Amino acid sequence: MADKAMLTNRIVLRSIMPLFKILHEEDDTLLKHFLTRFEGVIQLAVKGTDIGAHIELKDRKLDVVQGIHPNPDILLPFKHISGMNALFTGGIPVFGGFPRGLARLGLLTKLVTLLLGLLILMPNVHPKAPAKRLLKVKMIMYMVTNALSQLNKGGDEDMMDWTAKQPDRVYQMSVQPEGPAAYLRVKGGRTKSGHGMYTRKAPFVHMKFNGLDGAYKVLAEAKDTVSATADGDIRLEGSPEYAGAMGSFMIRIQDMLMPPKK
């Protein structure tokens, strides 16, 4: 059975940290434009292991790269996997030593703004501005579809069993009529996620959200699918059985990433 902390960490590194790029691209504040002058590498890693990912800032662009950088400008070493996971799941991070490079104030400020930007994903954060609500929906869609794939690649037995029995199928989410979209492709036990509409074949399951309001109610406010369907917030095309199974895995991911109960 796959270790829960390891699975959560895989999702943190490969599904949540890449959202930094979305936050960077969508940010049009004066602070963002000021901070683009600062270039460098910010590494998050579990001390003494090859577990980690780093943020590369160069030419006004941001990339998230898996693995360990040989000479980062800022290093945040965590004592263990759970200590890193806590930074992204509402817990208390546990460092495995004093962070290095904190004198690089420009890069440090950028890291802080990125981490604060992730707070929009918290279930109790509900922005009023339509642009921010759209950003939250987009980030949830991108994160969830990627996390589903990571759940499979990381060895979750139920997910592996579910994907192994399927031929080439696409599970699509989209905000109608022209909003953000994301998909999960499943084929004989393998999975791959992507942004936008998958165009090479028709989806096996397509969750069509009725505009931003419909998507927000379901993805951000956790409105149940039955009520959302009855109210016209979502239209499901394809297999209800497989859509339900996918929904169950989405709930499992949500539970893994929720802040620990006090």
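This is a short tour of a predicted model, going from its two domains to their interface and then to a few side-chain pairs.

Before you start selecting, note that residues are numbered from 1 along each chain as its sequence is written. In this predicted model, local features need pLDDT of at least 70 and side-chain atom pairs count only at pLDDT 80 or more, while totals for chains, interfaces and linings use all residues; side-chain values use heavy atoms, with hydrogens and water left out.

**Stop 1: the two domains.** Select 4-121 and colour it as domain 1, then give 130-257 another colour as domain 2. These bounds come from an automatic or database domain assignment. The C-alpha centres of the two domains lie 26 Å apart.

**Stop 2: where they touch.** Here 16 residues of domain 1 are in contact (heavy atoms within 4.5 Å) with 19 residues of domain 2. Together the domains bury about 1700 Å², 76% of it on carbon and sulfur atoms; buried area is the accessible area (1.4 Å probe) that two parts lose on being put together, summed over both. Now show Leu7, Ile11 and Ile120 as sticks: they supply 33% of the area that domain 1 buries against domain 2, more than any other three residues.

**Stop 3: polar links across the interface.** How many salt bridges does the rule find between domain 1 and domain 2? There is one, counting a side-chain nitrogen of Lys or Arg within 4 Å of a carboxyl oxygen of Asp or Glu. Select Glu26 and Lys138 to see side chains meeting in a salt bridge, 2.7 Å from N to O. Next, look at α1 (4-16) and α2 (19-26), helices being DSSP runs of H or I with at least four residues and strands runs of E with at least two, numbered from the N terminus. Each of these two helices supplies at least two residues of the side of domain 1 that touches domain 2, and α1 gives the largest share, eight residues.

**Stop 4: a salt bridge between loops.** The whole structure holds twelve salt bridges. Pick Asp73 and Arg104, whose side chains meet at 2.8 Å, N to O. Asp73 sits in the loop between β3 (61-66) and β4 (74-78), and Arg104 in the loop between α4 (81-88) and α5 (105-117), 31 residues apart.

**Stop 5: an aromatic pair.** Nine aromatic pairs turn up in the whole structure, with ring centres within 6.5 Å and planes under 30 degrees apart counted as stacked, over 60 as edge-to-face and the rest as tilted. Finish at Tyr171 and Phe204, an edge-to-face pair at 5.9 Å centre to centre with 80 degrees between the planes. Tyr171 lies in β5 (169-176) and Phe204 in the loop between β7 (190-195) and β8 (205-210), so the pair ties together parts that are 33 residues apart in sequence.

Methods
Rings of Phe, Tyr and Trp (its six-membered ring) pair if their centres lie within 6.5 Å; planes under 30 degrees apart count as stacked, over 60 as edge-to-face and the rest as tilted.
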